[in-house]
Every structure is written in C-alpha cells, then in structure tokens.
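Biologist: I should like to learn how to read salt bridges in a structural model. Please give the general idea and then the case at hand.

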Amino acid sequence: GLECTHGILSFDHELSGNLSLATSVNSSSSNATSSPVSSKEISMDGGRGYTEKDFGRSFPSLWVWIQTNSFRNNPGTSLFVSLARIPTPFFGIEFPGFTAAVWHNGELIPFASWSGAAFDDIRISKEEVYIAMRSARHGRSKYRVEISVDRRNVPEVLLYAPVNFTRMEPFVWEALRATVHLRLFDDKGNVIIDDMGDYAGLEVHGNVQYLVDNLCSKKS
C-alpha cells in the first residue's frame with residue numbers, strides 16, 4: 001500500500017474543558033526529583049477543534065499542508081489542503097497527488113484528485129503560498145477556490161515524524177500561526193466566502209517546486 005495515508009476525523013467541532021500546563025525544574029541534588037514550580041490553566045470552552053490522522057511507514061519526500069478553521073467571519077468553516085509527491089510500491093513510480101476541501105454551512109466541498117479537481121495556479125515562496133483550484137478539470141466547475149497563506153515572520157516548531165516504520169526523527173517544521181486568505185466562488189463567479197483564517201497550520205517540506213511543475217503543468 002501507500003507509505004502514508006491521511007484521514008480527516010473532524011473538520012470542525014466545539015471544544016469544552018481545560019488544559020493545564022505545568023513547568024518544573026530539576027534540583028541540583030541527584031536524589032531529588034523534579035517538582036512543579038508554576039502552573040497555568042487554559043479554558044478551552046467555546047473554542048473550535050479539528051482532528052486528522054496520518055498512518056503508514058513514512059511521510060512523503062515533499063509536501064504542502066494547510067489547515068485552519070479559525071475564520072473571522074465564518075465560524076464553523078474549515079479549510080484543509082494537502083499536496084504531495086506520492087510513491088507507489090510499483091518499481092519506484094511516484095506521482096503528484098492532492099486532496100483539499102472546504103467545510104462550509106454543513107456542506108463538504110472537495111477539491112481533490114479523486115473528485116476531478118484541477119489547478120489554475122500554484123506559487124510557493126518564502127513569503128507566501130498561493131493556490132487556485134477549480135472543482136472540475138473539464139466542463140463547468142461548480143466551485144473555484146483561491147487560497148493565499150502569509151508566511152512572513154511566522155514561527156515554526158520542529159516535529160518528530162516516522163521514517164521507514166523503524167524510528168521517529170525530528171525533521172518536520174510546522175507553523176501554527178500562519179494567516180490564510182480564503183476566497184470561494186460559485187460557477188457564476190459569485191463570492192461565497194471572502195475571509196481570513198487565523199492560527200493556520202502550515203507545512204512546506206522538501207523541493208516543492210516539483211508540485212508546481214507537475215500539478216500546474218509549468219515544467220520548463
């Protein structure tokens with residue numbers, strides 16, 4: 001099977017409860033144990049949640065991942081985008097694949113390989129990730145989406161990820177405070193969503209120019 005399979009468990013849900021954070025310090029004595037020195041409790045009541053999963057042997061060699069459900073004027077709306085170079089078990093063959101969706105007003109709007117979607121444009125730089133897609137490759141598309149992610153001065157954290165089913169290594173840099181400008185249009189060009197999503201997750205890993213070249217037919 002594929003080396004990595006991605007699944008969405010919940011595009012958006014309400015949160016309740018508390019998160020307790022504690023910091024500790026090690027005593028200079030070798031016989032002493034760490035003891036908490038301060039703690040902070042954060043209320044999650046009224047927050048929004050999103051849950052996804054990955055399983056398999058390894059992550060792809062390159063990918064772009066975007067997610068936010070913290071839109072300023074459309075609570076409950078959620079965006080997910082994943083583009084990757086996908087290896088197969090057949091003679092080392094790889095291909096570019098993608099899956100994306102907008103969850104809005106109780107409707108799931110897919111933009112994916114399996115749904116027949118296609119790209120109008122992809123631009124990836126240190127300052128921005130821009131993606132324009134339509135929901136159908138041929139004929140009239142029911143929807144068109146434009147996604148712009150501001151990467152400037154966005155902090156990242158280093159995450160562990162699986163390697164060949166044998167170990168976890170720290171090599172994935174992920175931002176959780178990017179800003180997304182989402183514009184969704186219907187088939188007549190009417191604007192359905194024009195909104196900013198905060199606290200967006202963003203990963204840009206590997207030589208993503210491969211995705212630009214192959215998904216948008218921009219090979220030089």
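Modeller: The following turns treat the salt bridges and the burial of their residues.

Modeller: This is a predicted model, in which local features need pLDDT of at least 70 and side-chain atom pairs count only at pLDDT 80 or more, while totals for chains, interfaces and linings use all residues. Residues are numbered from 1 along each chain as its sequence is written, and side-chain values use heavy atoms, with hydrogens and water left out.

Biologist: How many salt bridges does the rule give?

Modeller: A salt bridge is a side-chain nitrogen of Lys or Arg within 4 Å of a carboxyl oxygen of Asp or Glu. By this rule there are 10.

Biologist: Which residues are linked in a network of salt bridges?

Modeller: The network links Asp120, Arg134, Arg144, Glu146, Arg183 and Asp194. Within it, aspartate 120 meets arginine 144 at 3.0 Å, N to O. Strands (E, at least two residues) are DSSP runs numbered from the N terminus; aspartate 120 belongs to β9 and arginine 144 to β11, 24 residues apart.

Biologist: Where do glutamate 146 and arginine 183 lie?

Modeller: Their side chains form a salt bridge of 3.6 Å, N to O. Glutamate 146 is in strand β11 and arginine 183 in strand β13, so the pair ties together parts 37 residues apart in sequence.

Biologist: Is glutamate 146 buried or exposed?

Modeller: Buried means under 20% relative accessible area, exposed over 50%, and partly exposed in between (1.4 Å probe, protein chains only). Glutamate 146 is buried because its relative accessible area is 17%, whereas arginine 183, with 27%, is partly exposed.

Conventions. Helices (H or I, at least four residues) and strands (E, at least two) are DSSP runs, numbered from the N terminus.
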